[in-house]
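Please keep the model open in your viewer and make the selections in the order suggested below.

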Amino acid sequence: MTVSDAKPRYGGARRGLPDWADVAGSTNPGVPLLPLELELSLLSDSTDADRAEIAVEAGVRKLENLLRSAQALDRMVSLSVLLAGLQGCSFDEAALLIGREPPILEKFVRGEATVPERVMNRVRRLDEVLRNLHKVLEPTATAKWLRTSIPSLGNESPLNAISKGNLRKVEELTRGYCAPVVHS
Amino acid sequence: MGLDFGRHEDVVFKKAPLVTVLCQIKFAPVFSLLSEVGVAGFQEGIRSKYPITRREEAAQIQLHRQPSNSIEVRQSPPIWRIADDNEDWKWRVSLAVDFVALETPAYRDFDDFLSRLRWVLDVLDRTVHPGDAIRIGLRKINQFAHPDVESPQDWTKFLRSEMISLAGCKLPGELRLSLSEVHLKEGMRALTIRHGVPPTSAMQPTDHDMRERTNSGDNVVPANEHDDTASLAYVLDLDYSTTIPYTIKDEEAISELIREFSDSMTSFFHWSLQPDMYKWLEPIPRNEVTK
């Protein structure tokens, strides 16, 4: 049996592992690289194919764990950087924008729970809203803008509109702020 | 209203002896602040005013002679120093797992200090959300100097004799240091007054050393026991604090409290001065300064 045969036999990463978003919160960000290197060096010396394939499988798992940890940390950073940009907003208002209750948001920012993909998607969209907004408005005016009624949002404030599930309208509104004006 | 040490003119001193002002707000530990990831949002939030960030860690080494002759190394949690400049900083925010602090060697006026503090607390609440403050403290360290002071006894001409006490007497030998600490309690608030003549080493390098100690909560004067030269400076270190819980997002209530602390400290500062010192510090009525 060759090393390349070994992976499908043991299943490797594909052997019934749940989606990484479900388990990333319990992974250890500090998984050391050294054991993997040691196992790979053992692999090169080994004449026992079974031991080799176990080593490969363990190495792949460790790499996956590292990747999950890195992604979880990356999500946490993206979320907290977005929160930093919401100048003047309270934590409760930020939770409304993110679409989660404040205690859940608190767990996200403290790394006590992994930010799920659905929330990350919202974070990316809100980030674009803020980037567009800050092209035309000082960042210090962010909270005031979020609380101001806007006719094109049906006289709702962006904060209310987003909390009621109309993020797309707010995205369109802020894209419009950056669109070039054509004079006839 | 904080402790009142008597009426005084509302003035700004041209030669203000202020070396450090520091406000520290403690909260229950937030362990995500041990890593860069946990600090990222906060750092981003204040980066426009405080662009320099560095991580400081301190290790304490203790030698135990008895019974095991062991060496103990204690690693303290990191403190994130976020400043407006790398070396010559005027403002610095410190963030650790259980506190945030704002400090400066000098400010234009106290409103400026409070406004910066409110801004830092706003970002902290949104990006870290630490919950309630469990201790809030304001510390002001003054270092008096006067050209006519040639020995520690001379301070009796410039500062209240009650403060100078034994250091103001003619004593045999050379005075190496004279430090006093007074604690005043007012409900759940407390004012600690540390003052006296420090050894010369304590003043070199002056404010940096003091800032380090201010953060750690140690006494202001690093008594170098091997130093046998007395300083001609006089230190007045005022530390006002409360353990009443405050919500960190209630920045207005916290800044109101800090202002009360500051007013009490100013009141004590005026109380401590003799007329000659007051005059030498060149007081200017505040309303003339704002003009």
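Which residues have the most contacts inside the largest nonpolar core? Select Ala94(A), Leu95(B) and Val120(B), which hold that place in a core of 87 residues; a nonpolar core is a set of buried Ala, Val, Leu, Ile, Met, Phe, Trp, Tyr and Cys residues joined through C-beta atoms within 7 Å, and buried means that 20 or more other C-beta atoms, placed from the backbone, lie within 10 Å of the residue's own. The model is a predicted one, in which local features need pLDDT of at least 70, side-chain atom pairs count only at pLDDT 80 or more, and totals for chains, interfaces and linings use all residues. Residues are numbered from 1 along each chain as its sequence is written, while chains are lettered from A and ligands numbered from 1 in the order in which they are written.

Stay with Val120(B), which touches Ile46(B), Val93(B), Val100(B) and Leu102(B) when residues up to four places away in sequence are left aside (contact: C-beta atoms, placed from the backbone, within 7 Å).

Next, select residues 189-197 of chain B, strand β11(B) (strands are DSSP runs of E, at least two residues, numbered from the N terminus). This strand is joined by 9 bridges to the antiparallel β10(B), residues 178-186, and by 8 bridges to β12(B), residues 234-242, also antiparallel (strands pair if DSSP finds at least two bridges between them). Centre on Leu191(B), which stands opposite Leu184(B) of β10(B) and has Tyr240(B) as its bridge partner in β12(B). Finish at the hairpin of β10(B) and β11(B), where 2 residues lie between the strands and Gly187(B) in the turn has a positive phi of about 65 degrees.

Key
A residue is buried if 20 or more other C-beta atoms lie within 10 Å of its own, exposed if 12 or fewer, and partly exposed in between; C-beta atoms are placed from the backbone. Two residues are in contact if their C-beta atoms, placed from the backbone, lie within 7 Å. Helices (H or I, at least four residues) and strands (E, at least two) are DSSP runs, numbered from the N terminus.
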